Amino acid sequence: MNADALDKKRVIAIDTQNTSLVLMANNKGFVFHKYYGERQATPENLLDVIPFDKMRMETFEALSVFGGEYPGEPSLKATHADGNMTTDLRYQSHTQTKIDDNIVETRIRLKDTYYPFFVTLVYRAYQAEDIITSQVFIENKEDGAVVLENFASFDLVTEGREYWLTHFHGAWANEMQMEEEKLGKGIKIIDSKKGVRTTQAENPSFMLSLGQPAEEEQGTVIGGALAWSGNYRLCFELDSLNILHMNAGMNPFGSAYHVESGKTFETPRFTFTYSANGKGPVTRRFHRWARRYSLRDGDMPRPVVLNSWEGAYFTFDEDTLTKMMTHAAGLGVEMFVLDDGWFGNKYPRNNDKAGLGDWQVNKKKLPRGIDYLIDHAEKEGIKFGIWVEPEMVNPKSELAENHPDWIVQRPHRELLEMRHQLLLDLSNPAVQDFVFKVVDDLLVKHPRIAYIKWDANRHVQNFGSPYLPADRQSHLWIDYTRGLYSVYGRLMAKHPKVIFQACSSGGGRVDFGALAYHHEFCASDNTDAFSRIFLQWGTSHFYPAMAMGAHVSGSPNHQTGNSSPLKLRFDVAMSGRLGVELQPADMTGEEMEYSKKCIAEYKRIRDVVQLGDLYRLVSPYKEDRSALMYVTPEKNRAVVFAYSTRYHSRQDHPTVKLHGLEPDREYKVKELNSTSKSKLFNGNGKTFSGNFLMNNGVQLKIRKANESVVLELTEVK
Ligand code: DGJ
């Protein structure tokens, strides 16, 4: 079709209940961004009021391509079969289809002006959640392979006076540290080139505040997150006209991808939303959307877990574990998870130096096998879960001896080890089958295993695949993750009832790509309550509490050395998916009793925390205190958590204004987890109006470092 034949402007409005993303095709067939903001009933009228001069139009392409008008960082760059490096995409058609009562899918089909090369932009609009997802499908019908060098999933152009970018950086045991910066001219890139464990140092998510630094409940904010566990790139380019071009997707770094003739290349899903009322609504929409669409069994409250890692590490036998289970059951824990160290015989896994890859039960430590442990767990009335790290191998293992060609490796060079281990080449279907079988065998042989903790403790080095041909080595980055997702998908289909946790040296796989196959994630190996106040604050921006593993561990903390009261440890962990990670036998009777009480309280409020709406009240980044609360969708119950991070004067009576309640309703306030010594809220047991609680607030006696308070609010009718 001759695109120039299009003689009228086309407006494509992608609406949710409260937002509109408006694109348009001009008479030459170019498709442009026109508007993203509050919902517009008459989007076609925007054409007349939003200036659309030639200068600007060039830079507002819906998908910027190399070879087109936009001279900046392109979303798509392709070398065609004949070597032509430019692409010129024009509108062909579009459809809007109601997938169900909540989802409308818009597909915009573009075609190159010369080549049989097609690009389809696919947007899904989730009405109730005000969320839009975007994906790009690139179809090659040319005579030979097309090589893709840029392949973003998301492209958006916006104008604002100032742009404030919030993103989440980190390191091992220090993930999801929030940082906000004003964007200057040029390019800001947030990316990962690690292939695996990609969210340890940065997260593929951002909030962009227009005009001013982001506030919780006011201001214009666009939030987005990429669903991809491999290399990613979020690119923010502020051009000379002060227009911001964003694109996000798989990282093109070293990843030139050949799309054979007749094949379609699919990019991962990018999820975004627009809020005129600050970051809070972005978070709440993401959480609601994630629970409904992007997390396994997002309506099912998660069990309280005891994980054996910090309580036993590699040193245990049957007796250690059965006693731990008995104690766990006594505390009210619902799931016991046996961590690393249970496997390997020729090379026993007694530390991290050997045995990884040899997934047979270690006969010395566990002579009666896994079923003996499950029998014990069930006798105690709790469920049993187990740790695996099936993508990895210790060189000192039978697996490495038998399948050296399954290992990701750089030819002619020494292999770089990390935690004494190497990575299996998941681009290889035989390796995918092996990884599937490791977990499948466990679950088939032991059908009572109710939980799998899937770990991945190194990133890609030694770049090179013994499986991929020489001229397709650059496919490894993408094919690894696709291979991993294929294994996850097969396991999920075959074992739909088993709970899966995504762990990767702690928080190395906290992204919506991995989460689609999991119920939860390990937020960090750092279990220290003080550190967690910050880490969980950052994590909460996109990832829902029900999925965020938060464990009470021993004091002093094994990672940071900080000592903290058991109350603080519970008060912090109870704001996520509560778990315990210590040796209960080391606790005093008093500590056991207190823990039992907290766990019982958690079970009572768990639906509010795990399924409620989050309101962040006081940021630990701005004050030496922090507060947040969860409110049920019906607004009849709420739970408030507040923490003090340093000593304040004795005269200090901080008042925290609550949010998200109904002003005209009455709420009874009860302090939870109080110790015999501390009552930190004077109004305990009294009833207050939502109005009072939100406008006046609650006065909390948290003046010393490490003091904390939890309040439960229940509507009184
Ligand atoms: C890293 C994880 O984050 C820990 O929880 C633990 O499972 C260790 N790996 C075991 O090796």
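Okay, one definition before anything else: when I say buried, I mean a residue with under 20% relative accessible area. Keep that in mind, and keep in mind too that this is a predicted model.

So let's start with a helix where that cut-off matters. Helix α11 covers residues 529-539, and 10 of its 11 residues are buried, so the rest of the structure largely encloses it. And which residues of α11 are the buried ones? They're Ala529, Ser531, Arg532, Ile533, Phe534, Leu535, Gln536, Trp537, Gly538 and Thr539. Notice that Arg532 and Gln536 are on that list, alongside Ile533, Phe534 and Leu535.

Let me zoom out to the whole chain. We've got 14 helices and 37 strands. The radius of gyration is 26 Å, close to the 27 Å that the globule rule gives for 717 residues, so the chain is as compact as a globular protein of that length. If you're thinking about a box, the C-alpha atoms fill roughly 80 × 70 × 40 Å along the principal axes. Of the 717 residues, 63% are buried. And if you take contacts between residues at least 6 apart in sequence, 70% of them join residues at least 24 apart.

For the surface people: accessible area is about 26,200 Å², with 49% of that belonging to carbon and sulfur atoms. On charges, I get 86 positive and 92 negative side chains, and the centres of those two sets sit 4 Å apart.

Now, the inside. The largest nonpolar core has 178 residues, and the members touching the most others are Trp342 and Phe384. Helix α9, residues 476-494, gives the most to this core, with 9 residues. There's another core lying apart from it, with 25 residues, including Met629, Val656, Tyr667 and Phe681.

Back to Trp342 for a second. What does Trp342 touch, once you skip residues up to four places away in sequence? Among them are Phe316, Trp359, Ile370, Trp387 and Leu442, and there are also Gln360 and Asn362.

Last stop is Phe253, in the loop between β16 (243-250) and β17 (257-259). Is Phe253 buried or partly exposed? Partly exposed: its relative accessible area is 40%. Leaving out neighbours within four places in sequence, Phe253 is in contact with Lys193 and Trp477. Lys193 is 60 residues away in sequence, yet the C-alpha to C-alpha distance from Phe253 is 7.3 Å.

That's my tour, happy to rotate the model if anyone wants another look.

Technical notes. Residues numbered from 1 in each chain as written. Heavy atoms only, no water. Helix = DSSP H or I, 4+ residues; strand = E, 2+ residues; numbered from the N terminus. Rg over C-alpha atoms; globule rule 2.2 N^0.38 Å. Buried < 20%, exposed > 50% of the residue type's maximum accessible area, 1.4 Å probe, protein only. Contact = heavy atoms within 4.5 Å. Areas by Shrake-Rupley, 256 points an atom, 1.4 Å probe, with all protein chains shown as cover. Lys, Arg positive; Asp, Glu negative; His and termini not counted. Charge placed at Lys NZ, Arg CZ, Asp CG, Glu CD. Core = buried A, V, L, I, M, F, W, Y, C linked by side-chain atoms within 4.5 Å.
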